[in-house]
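Please look at the structure below before reading on. The paragraphs after it go through confidence, packing, ring pairs, charges and backbone geometry in turn.

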Amino acid sequence: MSTIDEIKSRIDIVDLVSEAGVKLRHAGKNYTGFCPFHDNKHTPAFVVWPDSGTWRCFGQCNEGGDIFKFVMKRENIDFKEALDKLAARAGVQVPSFTKETPQQKEAYENLRKLLEDAAIFYRNHLLANKEILGYLRTQRGLTDASIETFGLGYAPRAWDSALAHFTQRGYSERDMLEAGLLSERDSGGFYDRFRNRIMIPIRDGSGRMAGFGARIVDPNDIPKFLNSPETPVFTKGHLLYGLDRARKAIRTVDQAVIVEGYLDVIALHQAGYENVVSPMGTALTEDQLRLLKKFTRRIVLALDPDTAGQKAILRGLDAARAAMDREGELGFDARGLLGNEARLQADLRVASLPDGLDPDEIVVRNRDEWGAIIDNAKPIVEHVMVSLAEGKNLNDRNVINEIAGQVLPLINDLPTPADREFFTQRLARFLRVDERAFIGTQAQTPRTKRPRQTQAQSAQSVQKQAVSQEKIAVAVSSSKMVGEYVIGVLFKRPELLYRLDRLLQQFGLLALAAQDFEYTDHQMLFRLIREALEQDKAEHHDFVVGAMPETLQGLSRDLTAQTEKLERLDEKLLEELLRGIVKLRRAAANENLNQLRYLQEAAHQAGDLRASNYQDLVLQNTKLLRDLDQASRKISLKKLE
Ligand SMILES: [Zn+2]
């Protein structure tokens, strides 16, 4: 749930409006009262719908909205201020998004500057240390050029060498702590976080310093790998090692390869495979895949047999996911990866490396072998199938049942029927059984205990639901969902609005307007979409994203997730949008009419003859309904061009 939705769900609009001094009276499911925004104490023209959390004035104002709009109008403040106010009331924390404030920006720049200096500090120590240099050259096979290009360094074996060096240069201990260069003693005081380690500077996708990865020199030291702690500029789940140097190659060869170690990335780049990156020693995150998706949709995971093999897969299928998020292990979670693949519309494959060999050993042994291994990468489902069967007797009925029991649930999770059918056939052929044997298997395989859902997984299934709901959103009755669908599509493809307006006109309806949306956040986004179409300096979608206030970032994230899978032809999309809008307007008009009849009656009973204002609105809404009916008949008859 977005912050905005969370706030809406926690604040009762009836309370909010009442507290603002509006006396509300029960009227069926709804409440009515005198409008606080215009001056008329004769007829109660103000209606509140507790269910949808919205209000409308049927009098002079003739407008309405949600709790945000109410507070904005009431207190004459902007959306951001209303959001802060209502968030405080609801006890909801408004998350700050990545858009940096000038102060933050300066703080980040100072942090990065210190990290840049630290990279130089460690590099100088490496160049002065023949032993470590020798190790990198001979044991790891790195050339001096690679060591230079990737800025490798060495942290001396001392508790205070970085501390002393940077104190001398005027940095405070706090600065160094925040940059992740120091650790704090329980008893107070600080010491170097990295000691006697090979230092690997980690940069973000734009090449800015983010932190360090550090690898032991002394085999007795633990842990083997140590990263910078999470800092404002080092967020493990959002970074990929080597991306700044790999992005061009990834785009050129239209493929990204993910390996498990930083030094492997360097070795592969050195061998000419420059499309290689590595996560920060933890399970691959959706954010990281999203990062790569900007450059290619073809992503290969090149994994150690330990990570990609049987044991890991079984663990991934059966054990709670949390157990796999151990530091230093990439983790292979077939179900999670499949979910990501579907959501991101990516082509995710797995290349299993030969037993006991690291990528750098492979390229040193035979450069071309690496290319062949990557070319042989298999779709995730197939990889799971093959790994599970490894070393097993496929003539054994029990083995067949067991493998089918593990793989079928994965196949059933695939988003398209074509994929499900394809892999069911594959599985049948692979196990040399009749495909029909699988019919109904998934429903009655007690031996395939589904893993208990962890939080991450249930979040995934919620998202998956969102994707499938997205397909039928327009058929769903809730106006909120329809509104979200329409705004979501337009957010992604603003230029469709032109054609949509033309279509609406063709069917005798008004162009889409902000008022068509019930909620303030949707209305704001809609106005930005209109603005985007009126300028020609930036791509429409980019313009909207750039102009979007920070407070709407959460909404944009939700909408992006929901519309990720939109791939229908424009005609089909337009038709859905059109139907959606007719649906929205029809629901609104019907609701208005209901209310108006009630208000009219109440006014007449009170002897107020000025209820004629309502009569106009009744006529307006009745005509609108007629137009909408006519339009929807035409829409269903006529094929849209
Ligand atoms: Zn009013």
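What follows is a walk through a predicted model.

Confidence comes first. The mean pLDDT of the protein is 82, and 86% of the residues score at least 70. Two stretches deserve caution. Over residues 319-329 the pLDDT stays under 50, and the model gives this stretch 27 contacts beyond four places in sequence. Residues 441-477 also have a pLDDT below 50, with 52 contacts beyond near neighbours in sequence.

Next comes the packing of the interior. In soluble globular proteins, nonpolar side chains tend to be buried together. The largest nonpolar core here comprises 66 residues. The residues with the most contacts inside this core are Ile7, Phe46, Val48, Leu490, Leu500, Leu512 and Leu525. Ile7 can serve as an example: leaving aside residues up to four places away in sequence, Ile7 touches Ile67, Phe68, Leu83, Leu86, Ala87, Ala90 and Val92. Another core, of 43 residues, lies apart from the largest one and includes Ala246, Leu289, Leu344 and Ala346.

Phe46 leads from the core to the aromatic rings. A pair of aromatic rings is described by the distance of the centres and the angle of the planes. The structure holds 18 such aromatic pairs. In one of them, the ring centres of Phe46 and Trp55 are 5.4 Å apart and the planes meet at 25°, so the pair counts as stacked. The limit for stacking is an angle under 30 degrees. Phe46 and Trp55 are both buried.

A tilted pair is formed by Tyr241 and Tyr262, with 4.9 Å centre to centre and 50° between the planes. Tyr241 belongs to the loop between β11 (225-227) and α10 (243-253), whereas Tyr262 is in helix α11 (residues 262-270), so this pair ties together parts that are 21 residues apart in sequence. Both tyrosines, Tyr241 and Tyr262, are buried. Elsewhere, one aromatic cluster is made up of Phe121, Tyr122, Phe166, Tyr171, Phe194 and Phe212.

Rings also take part in arrangements with charged groups. Lys73 has its charged end over the ring of Phe37, at 5.1 Å from the ring centre. Arg367 is placed likewise, with its charged end over the ring of Tyr273 and 4.5 Å from the centre of that ring.

Charged groups can also meet one another. Side chains of opposite charge can pair when their charged atoms come close. How many salt bridges does the structure hold? The number is 26. One of them joins Glu148 to Arg123, with 3.4 Å between the closest N and O atoms. This bridge links distant parts of the chain, since Glu148 is in helix α7 (residues 144-149) and Arg123 in helix α5 (residues 102-127), 25 residues apart. Glu148 has a relative accessible area of 46% and is partly exposed. Arg123 is partly exposed as well, at 26% relative accessibility.

A second bridge connects the side chains of Asp144 and Arg137, at 2.8 Å from N to O. Asp144 is partly exposed at 45% relative accessibility, and Arg137 is partly exposed at 37%. A third is formed by Arg365 and Glu369, with an N to O distance of 2.7 Å. Arg365 has a relative accessible area of 52% and counts as exposed, because the cut-off for that class is over 50%. Salt bridges also link Lys8, Asp66 and Asp521 in a network.

Helix α5 offers one more point of reference, as Gln104 is placed there. Gln104 is partly exposed, at 28% relative accessibility. The C-alpha atoms of Gln104 and Pro232 are 9.5 Å apart, although the two residues are separated by 128 residues along the chain.

The last topic is backbone geometry. Most residues other than glycine have a negative phi, and most peptide bonds are trans. Where does the model depart from this? Ile222 and Pro223 are joined by a cis peptide bond, with omega about -10°. Pro223 is in the loop between β10 (209-216) and β11. Asn76, which is not a glycine, has a positive phi of about 55°. Asn76 sits in the loop between α3 (67-75) and α4 (79-90), and is exposed at 70% relative accessibility. Asp254 likewise has a positive phi, near 55°. The loop between α10 and β12 (256-258) holds Asp254, which is partly exposed with a relative accessible area of 35%.

Conventions:
Residues are numbered from 1 along each chain as its sequence is written. This is a predicted model: local features need pLDDT of at least 70, side-chain atom pairs count only at pLDDT 80 or more; totals for chains, interfaces and linings use all residues. Side-chain values use heavy atoms; hydrogens and water are left out. Rings of Phe, Tyr and Trp (its six-membered ring) pair if their centres lie within 6.5 Å; planes under 30 degrees apart count as stacked, over 60 as edge-to-face and the rest as tilted. Buried means under 20% relative accessible area, exposed over 50%, partly exposed in between (1.4 Å probe, protein chains only). Helices (H or I, at least four residues) and strands (E, at least two) are DSSP runs, numbered from the N terminus. A charge sits over a ring if NZ of Lys or CZ of Arg is within 6 Å of the ring centre and within 35 degrees of the ring normal. A salt bridge is a side-chain nitrogen of Lys or Arg within 4 Å of a carboxyl oxygen of Asp or Glu. A nonpolar core is a set of buried Ala, Val, Leu, Ile, Met, Phe, Trp, Tyr and Cys residues joined through side-chain atoms within 4.5 Å. Contact means heavy atoms within 4.5 Å. pLDDT is the predictor's confidence in each residue, from 0 to 100.
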